[in-house]
Amino acid sequence: MSLRGGLARLLRTRADAAPQPPRRARSVALVGAPLSRGQKRRGVDHGPATLRAAGLVERLAGLGCQVHDFGDLDFTQVPNDELYNNLVLYPRSVGLASQVLADAVSRAVAAGHRCVTLGGDHSLALGSVSGHAQQCPHLGVIWVDAHADINTPLTTQSGSLHGQPLSFLLRELQDKVPQLPGFSWIKPCLSASDIVYIGLRDVDPAEYYILKKYDIQYFSMRDIDRLGIRKVMERTFEQLMGRRQRPIHLSFDIDAFDPSLAPATGTPVLGGLTYREGMYITEEIHNTGMLSAVDMVEVNPLLGASQEAVNATASLAVDVIASCFGQTREGAHTAFDGLPTPSSPDESDSEEQVRI
Ligand SMILES: [Mn+2]
């Protein structure tokens, strides 16, 4: 290859390279959402405090992020919050809390932050996704979870709203979802093709029907076994960003991990993600440059069998978030960009002597 040909090829390669997305400010907003009324167990409202105590702010700062911690939102419980349809629990409390959260996430994203919502149970995604979509109407959602969380209030068996948030957000389901008290502010902001699930292994019959009928892309644990996590992520981005780049909302339920890694959570299911699969998912999402908001949900410090179990779960959740914002398994490379050189007179003398 001639020098001129090589240079021409180099220049052409540079010119033809795909345009990089604009580099977003490395500014991260933390919003604590101690929402627990979307499920029945005590303790998940301590999730935000547990994640902070596990060193989340320091870890993000160490990666070079400017961290703006907005503290915890105040979710006042609505009095006389009776069951909907004799089954669905705390609709008014969950509806109001999600509305408050939607407003906070919308403001954080509008101010140029990438927004991390610290749960809390997964019903908070009603608020975080709605608020994110107010600023980024074309966002895509990656939902990492053991469960599909897409029951409607008419198909739920438990009555818990943390198993239903996606049904309220999906346009295609609107004629199947009744108006709940406290939910009138919610506008469906997602289409079935805007969602990809990763990690499913406990899906109710009505949820399975919805996934198939509306052709929602999902990768169950069986799919991960079959394809490997690398192919799963390639297909995830093909689905969400095959035609155009778009902001990504990552909604990460800690119960996606195997219970041996994340025991302190309300609805653990055997056979979940390994640590390496979890880190690969978030590293790849970070590498797209399009991550715009993250939920970390269902860490419940009252459900660990021991303090070690709680610490392991919280530390795993912090690793997931750090990995979303640039931590790699090769290390973080922001603070170190050159080796020190020897400079003392003795050393330079001896070096000269060697040369002579
Ligand atoms: Mn969930």
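**Figure 1. Contacts across the whole chain.** In this predicted model, residues 24 or more positions apart account for 75% of the contacts with a separation of 6 or more. The fold brings together 12 helices and eight strands. Of the 356 residues in the protein, 52% are buried. The accessible surface comes to about 17,100 Å², and carbon and sulfur atoms contribute 51% of that area.

**Figure 2. The manganese ion and its protein donors.** Four residues reach the ion here: His122 through ND1, and Asp145, Asp149 and Asp253 each through OD. These donors lie 2.0 to 2.2 Å from the manganese ion. If you would like to find them along the chain, look for the spacing H-x22-D-x3-D-x103-D. Asp149 has 5% relative accessibility, so this donor counts as buried.

**Figure 3. A closer look at His122.** This donor to the manganese ion is found in the loop between strand S3 (114–119) and helix H5 (125–135). His122 counts as buried because its relative accessibility is 0%. Beyond its neighbours within four places in sequence, His122 is in contact with Trp143, Asp145, Asp149, His162, Pro165, Ser251, Asp253, Val297 and Glu298. Three of these names will be familiar from the previous view: Asp145, Asp149 and Asp253 are also donors of the manganese ion.

**Figure 4. The surroundings of Asp145.** Asp145 is found in the loop between strand S4 (140–144) and H6. With 0% relative accessibility, Asp145 counts as buried. Setting aside residues up to four places away in sequence, Asp145 touches His122, Ile198, Gly199, Leu200, Asp253, Asp255 and Ala256.

**Figure 5. The annotated binding site.** An unreviewed UniProt entry places the feature "binding site" at His122, Asp145, His147, Asp149, Asp253 and Asp255. These positions are spread over 134 residues of sequence, yet they cluster in space, with a largest C-alpha distance of 12.2 Å. Among them, His122, Asp145, Asp149 and Asp253 are the protein donors of the manganese ion in the model.

**Figure 6. Aromatic rings and charges.** The model contains two aromatic pairs. One of them joins Phe168 and Phe183 in a tilted arrangement, 4.7 Å centre to centre with 45 degrees between the planes. This pair links distant parts of the chain, 15 residues apart: Phe168 belongs to helix H6 (residues 165–169), while Phe183 sits in the loop between H6 and strand S5 (195–200). Phe168 counts as buried at 5% relative accessibility, and Phe183 counts as buried at 3%. Two charged side chains complete the view: Arg37 lies over the face of Tyr90, 4.0 Å from the ring centre, and Lys213 lies over the face of Tyr214, 5.7 Å from the ring centre.

Definitions and conventions
Residues are numbered from 1 along each chain as its sequence is written. This is a predicted model: local features need pLDDT of at least 70, side-chain atom pairs count only at pLDDT 80 or more; totals for chains, interfaces and linings use all residues. Side-chain values use heavy atoms; hydrogens and water are left out. Donors are N, O and S atoms within 2.8 Å of the metal (3.2 Å for Na, K and Ca); water is not among the atoms, so sites may look incomplete. Buried means under 20% relative accessible area, exposed over 50%, partly exposed in between (1.4 Å probe, protein chains only). Helices (H or I, at least four residues) and strands (E, at least two) are DSSP runs, numbered from the N terminus. Contact means heavy atoms within 4.5 Å. Accessible areas come from the Shrake-Rupley method with a 1.4 Å probe; for residues, only the protein chains shown count as cover. Rings of Phe, Tyr and Trp (its six-membered ring) pair if their centres lie within 6.5 Å; planes under 30 degrees apart count as stacked, over 60 as edge-to-face and the rest as tilted. A charge sits over a ring if NZ of Lys or CZ of Arg is within 6 Å of the ring centre and within 35 degrees of the ring normal. UniProt positions are given in the numbering used here, feature names are shortened, and annotations may be inferred rather than shown by experiment.
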